[in-house]
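Q: I would like to learn how to read a model like this one. Can we go through it feature by feature?

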Amino acid sequence: MAVRLDKPWIPLTEEHVAKLAGHLGVYQLADASGEIVYIGVAGGHSLHGLKGELSQALQSPPAGAQQFRCEVNMAYRTRHVELLQAYRHDHGRLPAGNADIDERHLGRLRLG
C-alpha cells in the first residue's frame, strides 16, 4: 500500500456522502483546487463510521473543504498518523483543519 492516498477526489455533497457505508477508516478533505485541508479518521467511537464523519464535515466543512476521498482501514489510528506524517513531510506543517493536533505525537511512527 502506498503511504499517500492517491484516489480521485469526490465532491463533498449529500448525494456522494449518502453512498458511503459505515466502515472504519481514514479520509482526506480538500478545497476546490485539490489542496488537502483536513485529514480525519472514522474510528471505533465514530457514529456511522466514514459516512457519519463525512456527514459532519458536510454540515460544517473545515477550512473550506469541498472534496473528499477515503480508505476503509481497520488499522485506522496508525493509518491516520501515517497520512498526517506524510503531509507534514511534504509541506512542513499539518493541514489547516488539523491545527488541533499536537505534532509531537506524530514522531512515534516512521514513514516507510
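Q: Let us begin with one residue. What is the relative accessible area of Gln66, and how is Gln66 classed?

A: This is a predicted model. Buried means under 20% relative accessible area and exposed means over 50%. Gln66 has 45%, so Gln66 is partly exposed.

Q: Where in the chain is Gln66?

A: Gln66 sits in the loop between α2 and β4.

Q: Which residues does Gln66 contact, leaving aside its neighbours within four places in sequence?

A: A contact list shows which parts of the chain meet. Gln66 touches Ile10, Pro11 and Leu12, and also Ala30, Asp31 and Ala32. Take Ile10: 56 residues separate Ile10 from Gln66 in sequence, yet their C-alpha atoms are 8.6 Å apart.

Q: What share of contacts in the whole chain joins residues at least 24 apart?

A: Count contacts between residues at least 6 apart in sequence; 71% of these join residues at least 24 apart.

Q: What order do the helices and strands follow?

A: Read from the start of the sequence, the pattern is β-α-β-β-α-β-α. That comes to 3 helices and 4 strands.

Q: Why does the radius of gyration fit a compact globule?

A: Compare the value with the one expected for the chain length. For 112 residues, a compact globule would be near 13 Å; this chain has 13 Å, so the two agree. Along the principal axes, the C-alpha atoms fill a box of roughly 35 × 30 × 25 Å.

Q: How much of the chain is buried, and what supplies the exposed area?

A: Of the 112 residues, 39% count as buried. The chain exposes about 6500 Å², and carbon and sulfur atoms supply 52% of that area.

Q: How are the charged side chains arranged?

A: Count each sign, then compare the centres of the two sets. There are 12 positive and 12 negative side chains, with centres 6 Å apart.

Q: Now a helix. Which residues of helix α2 are buried?

A: Start with the general idea. An α-helix has 3.6 residues a turn, so residues three or four places apart point the same way. In α2, residues 49–59, the buried ones are Gly49, Leu50, Gly52, Glu53, Leu54 and Ala57.

Q: What do the buried residues of α2 pack against?

A: Their partners are α1 (14–18), β2, β3 and β4 (67–72).

Q: Next, backbone angles. Which sign does phi of His48 have?

A: Check phi, then see whether the residue is a glycine. Phi of His48 is positive, near 70 degrees, and His48 is not a glycine. His48 lies in the loop between β3 and α2. Its relative accessible area is 54%, so His48 is exposed.

Q: What is the case for Ala63?

A: Ala63 also is not a glycine, and its phi is positive at about 50 degrees. Ala63 is in the loop between α2 and β4. Its relative accessibility is 42%, so Ala63 counts as partly exposed.

Q: How many aromatic pairs does the whole structure have?

A: The search finds 1 aromatic pair. Tyr27 and Tyr38 form the pair, with ring centres 6.1 Å apart and planes at 40 degrees, so the pair is tilted. Tyr27 belongs to strand β2 (residues 25–30) and Tyr38 to strand β3 (residues 36–42), 11 residues apart.

Q: Are these two tyrosines buried or partly exposed?

A: Tyr27 has 3% relative accessibility, so Tyr27 counts as buried. Tyr38 has 21%, so Tyr38 counts as partly exposed.

Key
Residues are numbered from 1 along each chain as its sequence is written. This is a predicted model: local features need pLDDT of at least 70, side-chain atom pairs count only at pLDDT 80 or more; totals for chains, interfaces and linings use all residues. Side-chain values use heavy atoms; hydrogens and water are left out. Helices (H or I, at least four residues) and strands (E, at least two) are DSSP runs, numbered from the N terminus. The radius of gyration is taken over C-alpha atoms; the globule rule is 2.2 Å times the number of residues to the power 0.38. Buried means under 20% relative accessible area, exposed over 50%, partly exposed in between (1.4 Å probe, protein chains only). Contact means heavy atoms within 4.5 Å. Accessible areas come from the Shrake-Rupley method with a 1.4 Å probe; for residues, only the protein chains shown count as cover. Lys and Arg count as positive and Asp and Glu as negative; His and the chain ends are not counted. The place of a charge is taken as NZ of Lys, CZ of Arg, CG of Asp or CD of Glu. Rings of Phe, Tyr and Trp (its six-membered ring) pair if their centres lie within 6.5 Å; planes under 30 degrees apart count as stacked, over 60 as edge-to-face and the rest as tilted.
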